[in-house]
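The following paragraphs lead through the architecture of one protein model, from a helix pair to its sheets and finally to its cysteines. Please keep the sequence and the coordinates at hand while reading.

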Amino acid sequence: MKVAVIGQGYVGLTISVFASEHFSVVGFDSNKVVVDQINQGISHIEGISNSRLARRLKSGNFRATFDGRDLKGSDVIVIAVPTPLTPERIPDLSFLESACRTIGDNVIEPVLVINESTSFPGTLRNYIKPTIEKYSGKQIQHLFAISPERVDPGRTDFNQKNTPRLYSGLTSEASSRTREFYSRFCDNLVEVSSPEVAEAAKLFENTFRQVNIALVNEFAQIAHALGISVYETLDAANTKPYGFMKFTPSAGVGGHCIPVDPIYLASVAEKHGAPATFIRRANEVNLEMPEYIVRRIASDNGGNLQGKNVLVVGVAYKPNVADVRETAAELVIEHLRSQGAVVSWHDEVVGNWKGESSAPLSGADIAVVVTKHDSVDEKKILASASYVFDTTGKIKGSKGL
Ligand SMILES: NC(=O)c1ccc[n+]([C@@H]2O[C@H](COP(=O)([O-])OP(=O)(O)OC[C@H]3O[C@@H](n4cnc5c(N)ncnc54)[C@H](O)[C@@H]3O)[C@@H](O)[C@H]2O)c1
């Protein structure tokens, strides 16, 4: 079986490496730098080591390409391109459109097209299929299926092999071919009755997290106002053996999934006249956390941050990854600067971001911990400033939520 994977980022490179243990895989990406790096054995994502990538390249079963013509002759094409928001914060399907165009322009024999990119229910049936057909310019009987990706970059206990995978085809043949493909490298396949159910399940999983994080972030503010510890209260609630799931407060949510997917769900809901008030409000509560945190820091520091040297520790959206997409650190920095603070940041995992480089972990008036990577020494954080505010709840001896 010949497989092509469109998009060689977190999802696409991971799936390419796993699939190339069983099939011949071509990884297509529109970014030449990414393609060249991969072909040199340099992985740009956590979870795929350089040595593992080098082994796959050496086996002859995997290579990356910048040339859409290399999709020709594939039996299966997996789409794993970004599905972000536009600047107006509505779903942006332009990357999906361009992936569909690459297929339409280059693939002349019927293939199984599987979408792994996250999008709203109806995307496979009403957008991907007609868009590929439009660009093909002639009738080719492709098969279409969805299998939303659930990978959590940086996580070691759950991966492609042991994370249950949802799937559904537009036809029963598409479903069975999809099962055949994934069953080679995934232990647990769960077929659902329609692509729309699979698409909706993926969005709901991340909406569940967004809403619960918003709830605990709101509760952190209530606990502070009441003069009780949010962490002790959560631990106390968590002694209940059923009906409770512990989430912890933070500066907000980040990454390509949790801040974005609920908006895909809200958008499609509103288009169909259904309410998404709760989902919208959860997003707002999380986006308001950076301002709340900066207010708390200002209030602890004489109500004024003008001219204060503030070091933001950890700008990645979560620990141990270099991913800064939608990171809450961006809003924290923005609010600190709007208060007149002189802000730098420390994050050696990220290194460079928005034209700035990671600053030394020392010499600040105030340190604000947004993300705590395992490699960063807690004692060094505490010594980096005379006042340390920790939004992660991990650093004993600091101020916090
Ligand atoms: N990152 C995650 O943890 C995660 C988890 C589950 C699902 N997803 C979903 O998977 C999809 C991909 O996310 P990602 O994190 O892998 O994105 P990414 O930004 O890491 O990688 C996307 C890659 O696609 C390439 N690309 C963009 N347009 C292209 C095109 N038209 N043709 C070929 N290549 C193209 C980019 O150059 C980039 O290398 C998104 O829909 C996302 O929501 C992501």
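In this predicted model, helix 7 (residues 195–226) packs against helix 8 (residues 230–237) at an angle of about 120°, and the two axes lie 9 Å apart. With that angle, helix 7 is oblique to helix 8. Helix 7 contributes V216, F219, A220 and A223 to the contact, while helix 8 contributes V230, T233 and L234. Sorted by class, the contact of helix 7 with helix 8 comprises 6 nonpolar residues, 1 polar residue and no charged residues.

The discussion now turns to the sheets. One open sheet has 8 strands in the order 3-2-1-4-5-6-7-8, and its pairing is mixed. Its edge strands are strand 3 (62–65) and strand 8, each of which pairs on one side only. On average, neighbouring strands of this sheet are turned by 25° against each other when direction is ignored.

Two helices that pack on this sheet can be described by the strands they touch. Helix 5 (residues 123–136) touches strand 4 (76–79), strand 5 (112–115) and strand 6, and its direction makes about 140° with that of strand 6. Helix 6 (residues 172–182) also packs on the sheet, where it touches strand 1 (2–6), strand 4, strand 5, strand 6, strand 7 and strand 8. The direction of helix 6 makes about 150° with that of strand 7.

Within the sheet, strand 7 (residues 165–169) deserves a closer look. How many of the residues of strand 7 are buried? The count is 5 of 5, and the strand is accordingly described as mostly covered. In a regular strand, side chains alternate between the two faces of the sheet. For strand 7, R165, Y167 and G169 belong to one side and L166 and S168 to the other; these residues are all buried, and both faces of the strand are covered.

The pairing of strand 7 can be followed on each side. Strands of a sheet pair through backbone hydrogen bonds, in either a parallel or an antiparallel sense. Strand 6 (residues 143–146) is joined to strand 7 by 2 bridges, and these two strands run antiparallel. There, A145 has G169 of strand 7 as its bridge partner. Strand 8 (residues 189–191), by contrast, pairs with strand 7 in the parallel sense over 3 bridges. Two of the residue pairings with strand 8 are Y167 with E191 and L166 with V190.

Elsewhere in the sheet, strand 1 is joined to strand 2 (residues 24–28) by 5 bridges, and the two run parallel. The bridge partner of I6 in strand 2 is F28. Strand 1 is mostly covered, with 4 of its 5 residues buried. Helix 1 (residues 10–19) is likewise mostly covered, as 9 of its 10 residues are buried. The buried residues of helix 1 are Y10, G12, L13, T14, I15, S16, V17, F18 and A19.

A further open sheet has 5 strands in the order 10-9-13-14-15, with parallel pairing. Strand 10 (342–346) and strand 15 (399–400) form its edges, each pairing on one side only. Strand 14 (residues 385–390) and strand 15 run parallel and are joined by 2 bridges. Opposite D390 stands G400 of strand 15. Helix 10 (residues 277–300) packs on this sheet and touches strand 13 (364–369), strand 14 and strand 15; its direction makes about 150° with that of strand 14.

The cysteines remain to be considered. A disulfide is a covalent bond between the sulfur atoms of two cysteines. How many disulfides does a search of the whole structure find? The search finds 0, and two cysteines illustrate the reason in terms of distance. The criterion requires the two sulfur atoms to lie within 2.5 Å. The cysteine sulfur closest to that of C100 belongs to C257 and is 19 Å away, so it is too far for a bond. For C257, the closest cysteine sulfur is that of C186, at 17 Å, which is also too far for a bond. As to their surroundings, C100 is buried, with a relative accessible area of 0%, whereas C257 is partly exposed, with a relative accessible area of 29%.

Methods. Residues numbered from 1 in each chain as written. Predicted model: local features only at pLDDT ≥ 70, side-chain atom pairs only at ≥ 80, totals over all residues. Heavy atoms only, no water. Buried < 20%, exposed > 50% of the residue type's maximum accessible area, 1.4 Å probe, protein only. Axes fitted to C-alpha atoms, helices over the stretch in contact; angles between N-to-C directions. Parallel < 35°, antiparallel > 145°, perpendicular 65-115°, else oblique. Contact = heavy atoms within 4.5 Å. Nonpolar A, V, L, I, M, F, W, Y, C, P; charged D, E, K, R; others polar. Pairing = 2+ DSSP bridges.
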